[in-house]
Amino acid sequence: MRKRVTDACARALACCGFTRRRRGFLLQPEFGWLDLGLTGTRTLVVAEPVVGVRHPAVEKILVAAAGWDEPVACVRLSVGGRWEFPAGADLTPIAEDLAEAVVVRGQPFIDRWARWPDLARELASLASDDVRDYLLPAAALADGDRRRAQALAGDRVAQLAGRQDAEAVAYREFARRLTRLAAEGGT
């Protein structure tokens, strides 16, 4: 059912250049990112879409250093709303309604932050708390500032000193890989 919903939404958003990436994710060329936020069962799938902005150099670093799956959005915004797709229903009108909300509320966000210099200046305040500590060093490295990337990651490692929980261990591994990427010349 989730595949059907993803396909219906991809058809409805094709006018904006979105194409299906994998179940629940649609991408525009280069920068636009859409997570349909699909949940549910075989009989009802619910979509709560979130748009985002990708930047290939940052994404490449986060995939290599943090082990994240692509696509990776640097910044995200909930479109707001909840769309229910019942099994057996014509999904087209529901997908078209969702697409309209993405175009009206989400596309301006994508367009505003698609230019890297604009996003880079505001990244620290726009990035969500759950990714900021990874995103800022990756963005610095993508900009060619190896020292800043290593310093940002090193500061976070110092804050995590003495912790052995999964978050701390994962971040130290990220910092180690980021340092290796920086030593190899960046991305």
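This report walks through the predicted model of a protein, from its overall make-up to its two sheets and a pair of buried residues.

## The protein as a whole

Let us begin with the general picture. Seven helices and eight strands make up the secondary structure of the protein. Its C-alpha trace spans about 55 × 35 × 25 Å along the principal axes. The protein has 187 residues, and 42% of them count as buried.

Which share of the contacts between residues at least 6 apart in sequence joins residues at least 24 apart? In this protein the share is 58%. On the outside, the accessible surface comes to about 9,500 Å², and carbon and sulfur atoms account for 50% of that surface. As for charge, there are 27 positive and 25 negative side chains; the centres of these two sets lie 4 Å apart.

## The sheet of five strands

A word of background helps here. Strands of a sheet pair through backbone hydrogen bonds, and the pairing can be parallel or antiparallel.

One sheet of this protein is open and has five strands, in the order β1-β2-β3-β6-β7, with antiparallel pairing. Its edges are formed by β1 (19–22) and β7 (75–78), each of which pairs on one side only. Ignoring direction, neighbouring strands of this sheet are turned against each other by 30 degrees on average. To see one pairing in detail, look at strand β3 (residues 32–35) and strand β6 (residues 50–53): they run antiparallel and are joined by four bridges. Within this pair, Leu34 stands opposite Val51 in β6.

Two helices pack on this sheet. Helix α1 (residues 2–13) touches β1, β2 (25–27) and β3, and the direction of α1 makes about 150 degrees with that of β1. Helix α3 (residues 92–113) touches β3, β6 and β7. The direction of α3 makes about 15 degrees with that of β6.

## The sheet of three strands

Another open sheet has three strands, in the order β4-β5-β8, again with antiparallel pairing. Here β4 and β8 are the edge strands, each pairing on one side only. From one strand to the next, the twist averages 25 degrees. Helix α1 packs on this sheet too, where it touches β4, β5 and β8; the direction of α1 makes about 145 degrees with that of β4. Helix α3 also packs here, touching β5 and β8, and its direction makes about 160 degrees with that of β8. Both α1 and α3 thus appear in the description of each sheet.

How are the strands of this sheet linked to one another? Strand β4 (residues 38–40) and strand β5 (residues 44–47) pair in the antiparallel sense over three bridges, and a hairpin of three residues joins β4 to β5. One of the matched positions is Gly40, whose bridge partner in β5 is Val45. On to the next pairing: β5 and strand β8 (residues 83–86) are antiparallel and share four bridges. Leu44 stands opposite Pro86 in β8, while Ala47 has Trp83 in β8 as its bridge partner.

## Two residues of helix α4

Helix α4 (residues 116–126) is the place of Trp116. Is Trp116 buried or exposed? Its relative accessibility is 19%, so Trp116 counts as buried, because the cut-off for buried is under 20%. Leaving aside neighbours within four places in sequence, Trp116 is in contact with His55, Val58, Leu123, Ala139 and Asp143. Another residue to locate from here is Val75: the two are 41 residues apart along the chain, and their C-alpha atoms are separated by 12 Å.

Asp118 is found in helix α4 as well. With 14% relative accessibility, Asp118 counts as buried, because this value falls under the 20% cut-off. Which residues does Asp118 touch, not counting those up to four places away in sequence? They are Arg112 and Trp113.

How values were computed:
Residues are numbered from 1 along each chain as its sequence is written. This is a predicted model: local features need pLDDT of at least 70, side-chain atom pairs count only at pLDDT 80 or more; totals for chains, interfaces and linings use all residues. Side-chain values use heavy atoms; hydrogens and water are left out. Two strands pair if DSSP finds at least two bridges between them. Buried means under 20% relative accessible area, exposed over 50%, partly exposed in between (1.4 Å probe, protein chains only). Contact means heavy atoms within 4.5 Å. Axes are lines fitted to C-alpha atoms, for helices over the stretch in contact, and angles run from 0 to 180 degrees between N-to-C directions. Accessible areas come from the Shrake-Rupley method with a 1.4 Å probe; for residues, only the protein chains shown count as cover. Lys and Arg count as positive and Asp and Glu as negative; His and the chain ends are not counted. The place of a charge is taken as NZ of Lys, CZ of Arg, CG of Asp or CD of Glu.
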